[in-house]
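The following report describes a pocket and one of the residues found there. Please look over the sequence and the structure before reading on.

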Amino acid sequence: MITKDEILMGRDKQYPEDYTEEISDNIDKVLTIINKVRSAYNKPMIVESGWRPLSINDDTANAARNSNHKKGLAVDIKDVDGKLWQWVLLNLDLIKRFGIYLEDKRWTPTWVHFQIVPPKS
């Protein structure tokens, strides 16, 4: 299972002033859902990017200014070989049922971006 520490990536300790109770609660919600995906996928999943404080997000290439990572509402899972993306695309009904939203695969070729709030577009 994916843990809160994996999503926090030590940033709760590095940036304690940015780590709020709301962010912690949001991460707990993400964990509940991403671990449902993890169980259904039935393979290890590696967090590529979890919670991002503002300064980390600003230094992240191509990160959206209003990224849901900053609010603890999103997690990126490594997918270098494309197998997770393939599984996700074959299981979109399950992803929808779990209440997960995805970024377009064209923009995330080596990871899958999962978020628990609808995109603005």
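Strands here are DSSP runs of E with at least two residues, numbered from the N terminus. The model is a predicted one, in which local features need pLDDT of at least 70 and side-chain atom pairs count only at pLDDT 80 or more, while totals for chains, interfaces and linings use all residues. Residues are numbered from 1 along each chain as its sequence is written, and side-chain values use heavy atoms, with hydrogens and water left out.

The largest share of the lining of the largest pocket, three residues, is supplied by strand 4; strand 1 (47-49), strand 3 (101-102) and strand 4 (111-115) each give at least two residues to this lining. A pocket is an open set of points on a 1 Å grid over the protein atoms alone, where a 1.4 Å probe fits, with protein on both sides within 12 Å along at least five of seven lines, and lining residues have an atom within 4 Å of a point. The volume of the largest pocket, taken as the space filled by probe spheres set on grid points joined across faces, edges and corners, is about 720 Å³. Its lining has 29 residues, of which Ala64, Ser67, His69, Glu103 and His113 are the closest to the centre.

His113 lies in strand 4 and is buried, with a relative accessible area of 2%, where buried means under 20% (1.4 Å probe, protein chains only). Its side chain makes the polar contacts tabulated here, each a pair of N or O atoms within 3.5 Å, one able to donate a hydrogen and the other to accept it, with residues adjacent in sequence counting only if both atoms are side-chain atoms.

| Side chain | Partner side chain | Distance |
|---|---|---|
| His113 | His69 | 3.4 Å |
| His113 | Gln115 | 2.8 Å |

Terms used: Helices (H or I, at least four residues) and strands (E, at least two) are DSSP runs, numbered from the N terminus. Buried means under 20% relative accessible area, exposed over 50%, partly exposed in between (1.4 Å probe, protein chains only).
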